Structure formats: C-alpha cells, structure tokens
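Here are some exercises to work through at your own pace. Try each task with the structure in view, then compare your reasoning with the solution below it.

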Amino acid sequence: MVTHKQLNIGLFGFGVVGEGLYKVLQQTPSLKAQIKKVCIKHPGKKRNAPAELFTTDKNDLLFDDNINVIVEVIDDSNAAFEIVSTALKNGKSVVSASKKMIAEHLPEILQLQLETGQSFLCESAACASIPVIRNLEEYYDNDLLHSIKAIVNGSTNFILTRIFEDKLSFADALLLAQQLGFAESNPKLDVEGYDAVNKWTILLNHAYGIVEHPDNILFTGIQNIQLSDATVASEKHYDIKLVAQAKKLKDGTVAAFVLPQFVKADEPLSFVKNEYNGVVIESGFADKQFFYGKGAGSFPTASAVLSDIAALRYDYKYEYKKLYHHKPHHLSADFYVKVYVSFDDWKFIPRDNFEWIEEWHAGEDRKYLIGVLHAKELFNNTWWKENNTSLILTPEPIIENLDIINLKKRSLELAGVI
Ligand code: HSE
C-alpha cells in the first residue's frame with residue numbers, strides 16, 4: 001500500500017479563499033494535511049480560527065523546517081512573489097492562487113521550479129473550481145489543441161448576467177459581486193479585463209507553451225459595453241460575454257486575446273451565467289469539449305487549492321510539456337478580426353483603417369458598424385476603447401491572413417461594390 005506523506009501547511013492569507021481552505025481542510029481529515037501556521041497582515045481582525053494559529057511574521061512559516069508546504073492566497077502580488085520565491089528556495093512545495101503574480105512573473109517562476117525541483121501548483125488561479133490546468137498539462141499532452149475559448153472571470157460574467165437578465169444597474173451588480181466575495185479587492189482588475197488576461201497568460205502557458213507577459217496580450221474588459229449593445233445582441237439572438245480565446249493558425253502561431261464577444265445562443269459559453277466559468281476546447285479527433293464550473297467564490301476556489309494540496313502527497317509537478325517537450329508556440333500579431341463597434345460619433349472611428357465594413361446603422365444617439373480590422377490596429381491604437389466607443393467581437397471573429405483576400409472579394413461582391 002502506498003503511504004502518502006504528511007503535509008504540514010504554512011498558509012499566507014485568511015481572506016475569502018484562505019478561510020474557505022481552513023474550513024474545507026477541517027472537513028477532509030483523511031488528507032493528512034494540517035495547517036500549522038497562518039500568516040496575516042492585520043492582526044486586529046476577528047478570525048474564525050484559534051488565535052495561536054496566526055502570526056504576522058512571514059519567517060515563522062518560511063523558515064520553519066516542520067512546514068513542507070506553503071499555500072499562498074494573498075492579494076499583494078509583489079509580496080506573493082517574494083513568499084513563493086523564498087519558499088521554493090527553502091525546499092518547500094508551493095500552492096498559489098495569485099494569478100496576477102504568476103502572470104507577471106512567469107519566466108522567474110518557471111526558472112525557480114527548474115532550479116529547485118520543487119512543485120509549484122496553481123489550479124485555483126484560473127477558472128477556480130474547473131480543473132483546467134492539469135487537464136491541459138496531462139490530457140492534452142500533444143500538438144492537437146486547435147483552439148480554446150473560455151469565460152475565465154466570474155465577476156464580469158456575473159455583472160453581465162445580472163444587468164442583461166435582471167436589469168440591475170452596473171453599480172448594483174458590481175456591489176453584489178463584491179458582497180458575494182467574487183470580485184478582486186480592486187474591482188477594476190475584474191471590470192477592465194486585467195484579471196482575465198492574467199488567467200489567460202497562465203492558461204496559454206499550459207496549453208501552448210507560450211511564455212508572454214500579459215501586457216503583450218490584446219485585452220479589454222466590459223467597461224465600455226452599453227445597453228444599446230445588448231439590444232443589438234438580443235435582436236441577433238446573441239449574448240455578450242467577456243471571452244478569452246486562442247486559436248492555432250495555419251502558420252503554427254497562436255492568435256490569442258481577451259475581448260467582449262457576441263456568443264450565439266446555441267454555443268456552450270452562452271450557457272455560462274453568473275459567477276460560473278466555462279472552457280471550450282477544440283482538439284484534433286475529439287472535436288469540441290466543454291468544461292463548466294464555478295469560477296469565483298470561497299469554497300469553489302478552495303476546492304482547487306485542496307486538490308493541489310492532495311496532489312502534493314504524491315509529489316505531483318507540472319512538467320510544462322508544451323514548453324519543454326514539444327516545440328513551444330508563439331503569439332501571432334498577424335491576423336484579422338471581425339468586429340462590431342458602437343459609438344456616439346463617426347469622428348471617433350478611423351473608417352479607412354477597416355479592411356471592409358459590411359454593415360452600418362445610424363441611430364440618433366448611437367451608431368454601429370460591423371467590419372474587419374487587422375489585429376495590429378487594436379494592438380497599436382486605443383480609439384476602440386475611448387470616447388464611449390464599444391468594441392465587441394463577432395461570433396467567429398478570427399480571419400487568417402491567408403484567407404483575407406478571398407473573403408474581402410466575396411464581401412464586396414455581396415455588398416454590390418464589385
Ligand atoms: N475576481 C475573480 C473573478 C476571482 O471574478 O473571477 C476568481 O479568480
């Protein structure tokens with residue numbers, strides 16, 4: 001019989017996720033995992049755990065030889081990086097939920113794992129309760145991953161659902177997301193897409209071996225979406241979601257971004273409401289697969305941390321197979337996207353920069369068009385997120401470089417221009 005090793009945990013953070021983990025571990029005694037110490041920032045706060053468990057000195061955890069696992073679920077990404085680096089160098093395994101920290105320090109974190117040989121697990125950092133990282137690592141251990149399309153931020157999905165289905169105001173929906181413990185302490189990170197692009201950076205690494213800083217990935221959030229956009233969407237039988245997407249192009253590079261997108265009513269992501277997340281993977285031979293689960297909140301996030309802790313009993317490590325065992329992929333900046341853009345005045349829209357415009361409507365207050373842009377137009381300019389302008393991708397937005405000439409010709413023919 002295999003005997004699993006005893007895990008003695010030093011926990012950093014006792015907020016929504018940290019306290020959730022504490023409760024979850026109390027209900028799973030068979031795991032042989034025990035929290036020895038919890039490091040917190042504010043000792044004055046009332047906590048639902050024995051006072052002797054807590055310290056404000058990080059070294060009580062990082063330099064305690066009896067602690068063999070550091071679990072880090074704090075908010076401050078700089079402090080989190082320091083904790084994780086020291087823990088790995090001190091021979092401890094690490095479980096982290098700090099998506100911002102991981103995304104911003106990916107090269108260093110990869111290097112630290114190589115140098116120390118320690119496990120660094122972060123399943124809870126992307127899509128909380130959905131086991132997507134380990135699936136990408138283990139199950140999709142090949143070169144057949146054609147595309148991934150996902151909802152990776154619970155708060156924005158919650159806000160969009162409540163605004164469009166329950167007619168709540170943006171401010172009320174956000175407040176509710178905060179009260180339920182879904183939102184980041186700085187909710188701008190959720191609303192403006194930073195949290196989603198951080199998660200996408202992590203998932204692109206496990207899916208395709210891409211090592212890229214989040215600043216180099218095209219993204220925005222839901223801050224510019226208007227009620228008039230929702231009206232257009234419902235006329236066309238679409239939902240509006242903040243979608244993270246990656247697609248392998250014919251030249252082997254990967255087109256990837258996080259942008260609002262129209263989602264057809266019969267697509268799996270349209271089924272994803274409130275704080276749920278969803279991931280649709282398209283791979284060779286299997287066709288489409290859909291993963292669905294809670295993407296934010298105390299217990300759903302703690303469940304993924306718990307699963308990482310359980311995996312440490314048998315010394316599980318990510319092998320980063322796509323990065324080290326296959327030819328890693330790189331991001332593409334050379335593709336086109338079909339977009340819907342709504343705006344207050346034509347003067348804000350650089351019409352000549354569109355490859356073609358195939359539909360436009362001019363209402364008194366609000367106007368919109370549907371057209372095709374090169375991705376570089378979005379990378380290099382900001383007009384599409386300024387002056388009340390709202391950009392939403394169409395359902396199948398990516399057009400490959402090689403296909404553009406034929407499509408343009410066909411579109412102009414249909415419009416009667418040629
Ligand atoms: N603020 C995050 C979200 C929490 O709403 O998805 C889970 O990572």
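**Exercise 1. Find which residue follows helix 7, and describe the helix itself.**

Step 1. Helix 7 is followed by lysine 167, whose phi is positive, near 60 degrees. Helices here are DSSP runs of H or I with at least four residues, strands are runs of E with at least two, and both are numbered from the N terminus. This is a predicted model, in which local features need pLDDT of at least 70 and side-chain atom pairs count only at pLDDT 80 or more, while totals for chains, interfaces and linings use all residues. Residues are numbered from 1 along each chain as its sequence is written, and side-chain values use heavy atoms, with hydrogens and water left out.

Step 2. Now look at the other end: asparagine 153 caps the N-terminal end of helix 7, with a side-chain oxygen 3.2 Å from the backbone nitrogen of serine 155.

Step 3. Helix 7 covers residues 154–166, and its 13 residues reach 17 Å from the first C-alpha to the last. That is close to the 18 Å expected at 1.5 Å a residue, where the expected span is 1.5 Å times one less than the number of residues.

Step 4. Buried residues (under 20% relative accessible area; exposed is over 50%, partly exposed in between, with a 1.4 Å probe and protein chains only) include Phe158, Ile159 and Leu160 in helix 7. The buried residues of helix 7 pack against several elements, among them strand 7 (145–151), helix 8 (170–179) and strand 11 (276–283).

**Exercise 2. Describe how domain 2 and domain 3 meet.**

Step 1. Start with the bounds: domain 2 spans 132–294 and domain 3 spans 336–414, as given by an automatic or database domain assignment. Their C-alpha centres lie 21 Å apart.

Step 2. The contact (heavy atoms within 4.5 Å) takes 28 residues from domain 2 and 24 residues from domain 3.

Step 3. Together the two domains bury about 2200 Å², 62% of it on carbon and sulfur atoms. Buried area is the accessible area (1.4 Å probe) that two parts lose on being put together, summed over both. In domain 2, Leu218, Lys250 and Phe262 lose the most area to domain 3, together 25% of what that side buries.

Step 4. Count the charged pairs: there are two salt bridges between domain 2 and domain 3. A salt bridge is a side-chain nitrogen of Lys or Arg within 4 Å of a carboxyl oxygen of Asp or Glu. Lysine 236 and glutamate 359 meet in a salt bridge at 3.2 Å, N to O.

**Exercise 3. Explain what the salt bridge between lysine 99 and aspartate 195 ties together.**

Step 1. The closest N and O atoms of aspartate 195 and lysine 99 are 3.0 Å apart.

Step 2. Aspartate 195 lies in helix 10 (residues 194–208) and lysine 99 in helix 4 (residues 99–104), so the pair joins parts that are 96 residues apart in sequence.

Step 3. Check accessibility: aspartate 195 counts as buried at 3%, and lysine 99 counts as buried at 14%.

Step 4. Widen the view: Lys99, Glu184, Asp195 and Lys199 are linked in a network of salt bridges.

**Exercise 4. Are arginine 134 and aspartate 308 buried or exposed?**

Step 1. Arginine 134 forms a salt bridge with aspartate 308, with the closest N and O atoms 3.3 Å apart.

Step 2. Both arginine 134 and aspartate 308 are buried.

Conventions: Polar contact = N/O pair within 3.5 Å; in protein donor to acceptor, adjacent residues only side chain to side chain.
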